[in-house]
Amino acid sequence: MRRCLELALLGAGRVAPNPMVGSVLVYGDRIIGEGYHQLYGKAHAEVNCINSVKEEDQPLIEQSTIYVSLEPCAHHGKTPPCADLILSRRIPRVVVGCRDPFPR
């Protein structure tokens, strides 16, 4: 989770009014993907994290844990719901740093 917070800070000044969010995908004891929300209206941290996984590590996604500094969104806004992406990629475990206070 510490790495998620480090990554989230990379979005400072570019994601408002959205929150800064970081995400890490871990298989065993190895990070296979990382991402953060880079720019308002663009892909969220989870999307960038999953997209960063190397081709040879793609089969590991379904056996990995995704860590996210903020609960993945579950609504359609400027981007599709990150929760849907996590489900579609069959990631079995999600660890969140804090729950999203946004009611949708």
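## Salt bridges around Arg3

Arg3 and Glu6 join their side chains in a salt bridge, with N and O 3.2 Å apart. The model is predicted. Both residues sit in helix H1 (residues 2-9). They are three residues apart there, which means a separation of about one helical turn. Arg3 is partly exposed, at 33% relative accessible area. Glu6 is partly exposed too, at 40% relative accessibility.

Arg3 has a salt bridge with Glu34 as well. Here the closest N and O atoms are 2.7 Å apart. Glu34 lies in strand S2 (residues 30-36) and Arg3 in helix H1, so this pair ties together parts that are 31 residues apart in sequence. Glu34 counts as partly exposed, at 27% relative accessibility.

## The third pair and the network

How many salt bridges does a search of the whole structure find? The count is three. Besides the two at Arg3, there is a pair formed by Asp57 and Arg30. Their closest N and O atoms are 3.1 Å apart. Asp57 belongs to the loop between helix H2 (45-51) and S3, while Arg30 is in strand S2. The two residues are 27 apart, and the pair links distant parts of the chain.

Is Asp57 buried or exposed? Asp57 is buried, with a relative accessible area of 10%. The cut-off for buried is under 20%. Its partner Arg30 is partly exposed, at 36% relative accessibility. Which residues are joined into one network by salt bridges that share partners? They are Arg3, Glu6 and Glu34.

## Strands S1 and S2

S1 (residues 22-27) pairs with S2 in the antiparallel sense. Six bridges connect the two strands. Val24 has Glu34 as its bridge partner in S2. Glu34 is also the residue that forms a salt bridge with Arg3. The S1-S2 hairpin has two residues between its strands. In that hairpin, Gly28 takes a positive phi near 65°.

S1 is mostly covered, with five of its six residues buried. In S2, Tyr36 counts as buried at 17% relative accessibility.

## Strand S3 and its neighbours

S3 (residues 65-68) runs antiparallel to S1, and four bridges join them. Leu25 is opposite Ile66 of S3. Val24 is opposite Tyr67 of S3. Val24 therefore has bridge partners recorded on two strands: Glu34 in S2 and Tyr67 in S3.S3 also pairs with S4 (residues 93-96), here in the parallel sense, through four bridges. Ile66 stands opposite Val94 of S4. Val68 has Val96 as its bridge partner in S4. From S3 the chain crosses through helix H3 (residues 82-88) to S4. This β-α-β crossover is right-handed.

Ile66 appears on both sides of this pairing scheme. It stands opposite Leu25, and Val94 in S4 is opposite Ile66 as well.

## The largest pocket

What volume does the largest pocket have? The value is about 430 Å³. Its lining consists of 20 residues. Asn18, Pro19, His44, Cys73 and His75 lie nearest the pocket centre.

How does the lining divide into nonpolar, polar and charged residues? Seven are nonpolar, eight are polar and five are charged.

## Two distances across the chain

Cys73, one of the residues nearest the pocket centre, can be placed relative to Tyr36. The two are 37 residues apart in sequence. Their C-alpha atoms are 14 Å apart in space. Tyr36 itself is in strand S2.

A second pair is Ser52 and Arg14. Ser52 is placed in the loop between H2 and S3. Asp57 is in the loop between H2 and S3 too. Ser52 is partly exposed, with a relative accessible area of 34%. Ser52 and Arg14 are 38 residues apart along the chain. Their C-alpha atoms are separated by 20 Å.

Definitions and conventions: Residues numbered from 1 in each chain as written. Predicted model: local features only at pLDDT ≥ 70, side-chain atom pairs only at ≥ 80, totals over all residues. Heavy atoms only, no water. Pairing = 2+ DSSP bridges. Right-handed = clockwise from strand over helix to strand, strands pointing away. 1 Å grid on protein atoms, 1.4 Å probe; cavity = no way out; pocket = protein on both sides within 12 Å on 5 of 7 lines; lining within 4 Å. Points joined across faces, edges and corners; volume = space filled by probe spheres on them. Nonpolar A, V, L, I, M, F, W, Y, C, P; charged D, E, K, R; others polar. Salt bridge = Lys/Arg side-chain N within 4 Å of Asp/Glu carboxyl O. Buried < 20%, exposed > 50% of the residue type's maximum accessible area, 1.4 Å probe, protein only.
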